[in-house]
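Student: Hey, can we go through this structure together? I'd like to start with the big picture and then zoom in.

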Amino acid sequence: MSIADRVRVKDVKVLSDDWYLLKKTVFEYRRNDGEWQVQSRETYDRGNGATILLYDPTRRTVVLVKQFRYPAFVSGYDDFLIETPAGLLDNASPEERIRAETEEETGFRVRDVRRVFEAFMSPGAVTERIYFFVGRYEPSDRISDGGGHEGEGEDIEVLEVGIDEALAMVADGRICDAKTIMLLQYAALHLFR
Ligand SMILES: Nc1nc2c(ncn2[C@@H]2O[C@H](COP(=O)(O)OP(=O)(O)O[C@H]3O[C@H](CO)[C@@H](O)[C@H](O)[C@@H]3O)[C@@H](O)[C@H]2O)c(=O)[nH]1
Ligand SMILES: [Mg+2]
């Protein structure tokens with residue numbers, strides 16, 4: 001049996017269809033006890049995304065990006081956010097997208113990338129699934145400054161940080177972005193010994 005057999009959509013209202021899409025859906029859900037219950041949920045659809053940890057196991061470093069994030073700012077965070085490079089898929093495959101995005105944001109040309117897991121980041125409200133990658137780099141792989149698209153408002157600083165320092169930044173809160181914490185912990189477990 002599929003979950004689809006337990007959901008009957010009754011009504012879908014588009015609340016906002018601007019940069020991304022916000023809908024309110026009324027549906028019936030069949031509970032574990034067999035009762036059908038009417039529920040209403042808002043879903044915010046920005047498509048799916050991809051993110052990558054570039055790591056150099058020889059020099060024990062990783063590449064991160066630092067940028068202004070308005071939603072974090074309005075949530076009371078008065079600093080730039082330090083993150084792994086990431087981007088929305090925009091109909092491309094996750095691997096295709098992460099290669100292009102890494103180059104745009106960091107200036108590093110990526111060689112081999114490896115998909116390590118995928119995750120819903122906020123499944124109570126946001127439809128987005130993020131595909132997580134890791135890839136090795138060397139200093140000579142840097143072919144431009146990166147920085148993102150100025151015309152789209154991107155103003156990205158590229159950081160190269162030692163893995164131990166990056167993990168210390170997670171511990172003391174200087175890194176507080178979920179995808180970044182997930183990839184750094186993956187790196188501590190599997191990429192750096
Ligand atoms: N005009 C306008 N531009 C927007 C809006 N929202 C985003 N943008 C612009 O759309 C572009 C999206 O850039 P990407 O690099 O593709 O995405 P991202 O913002 O880095 O998002 C990545 O990280 C997010 C946070 O972790 C992820 O949620 C997302 O999936 C992705 O991985 C950026 O230039 C951003 O400024 C908006 O409401 N209005
Ligand atoms: Mg981005």
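**Talking it through**

Tutor: Sure, starting with the layout: the centres of domain 1 and domain 2, taken over C-alpha atoms, are 32 Å apart. This is a predicted model, where local features need pLDDT of at least 70, side-chain atom pairs count only at pLDDT 80 or more, and totals for chains, interfaces and linings use all residues. Residues are numbered from 1 along each chain as its sequence is written, while chains are lettered from A and ligands numbered from 1 in the order in which they are written.

Student: Which residues belong to domain 1 and domain 2?

Tutor: Domain 1 covers 3-45 and domain 2 covers 49-191. Those bounds come from an automatic or database domain assignment.

Student: And how many helices and strands does the chain have?

Tutor: Four helices and ten strands. These are DSSP runs, numbered from the N terminus: helices are H or I with at least four residues, strands are E with at least two. Along the sequence, the pattern reads β-β-β-β-β-α-β-β-α-β-β-β-α-α.

Student: Ok, zooming in. How many residues are in helix H2?

Tutor: H2 runs over residues 94-106, so 13 residues, and spans 17 Å from its first C-alpha to its last. That is close to the 18 Å expected at 1.5 Å a residue, where the expected span is 1.5 Å times one less than the number of residues.

Student: Which residues of H2 are buried?

Tutor: Among them are Arg-97, Ile-98, Arg-99 and Glu-101. Buried means that 20 or more other C-beta atoms, placed from the backbone, lie within 10 Å of the residue's own; 12 or fewer is exposed, and in between is partly exposed.

Student: What covers the buried residues of H2?

Tutor: The cover includes strands E4 (49-56), E5 (61-67) and E8 (113-120). Just after H2, Gly-107 has a positive phi of about 80 degrees.

Student: Does UniProt have a label around there, and what is listed for residues 87-108?

Tutor: An unreviewed UniProt entry lists "short sequence motif: Nudix box" for them. That stretch is 59% helix and 9% strand.

Student: New topic: which residues come nearest to ligand 1?

Tutor: Of the 14 residues around ligand 1, the nearest are Trp-19, Gly-49, Ala-86, Gly-87 and Glu-152. A residue is near if its C-beta atom, placed from the backbone, lies within 6 Å.

Student: Which strand gives the largest share of that shell?

Tutor: E7, with three residues.

Terms used
Contact = placed C-beta atoms within 7 Å. UniProt positions renumbered as here; feature names shortened; annotations may be inferred.
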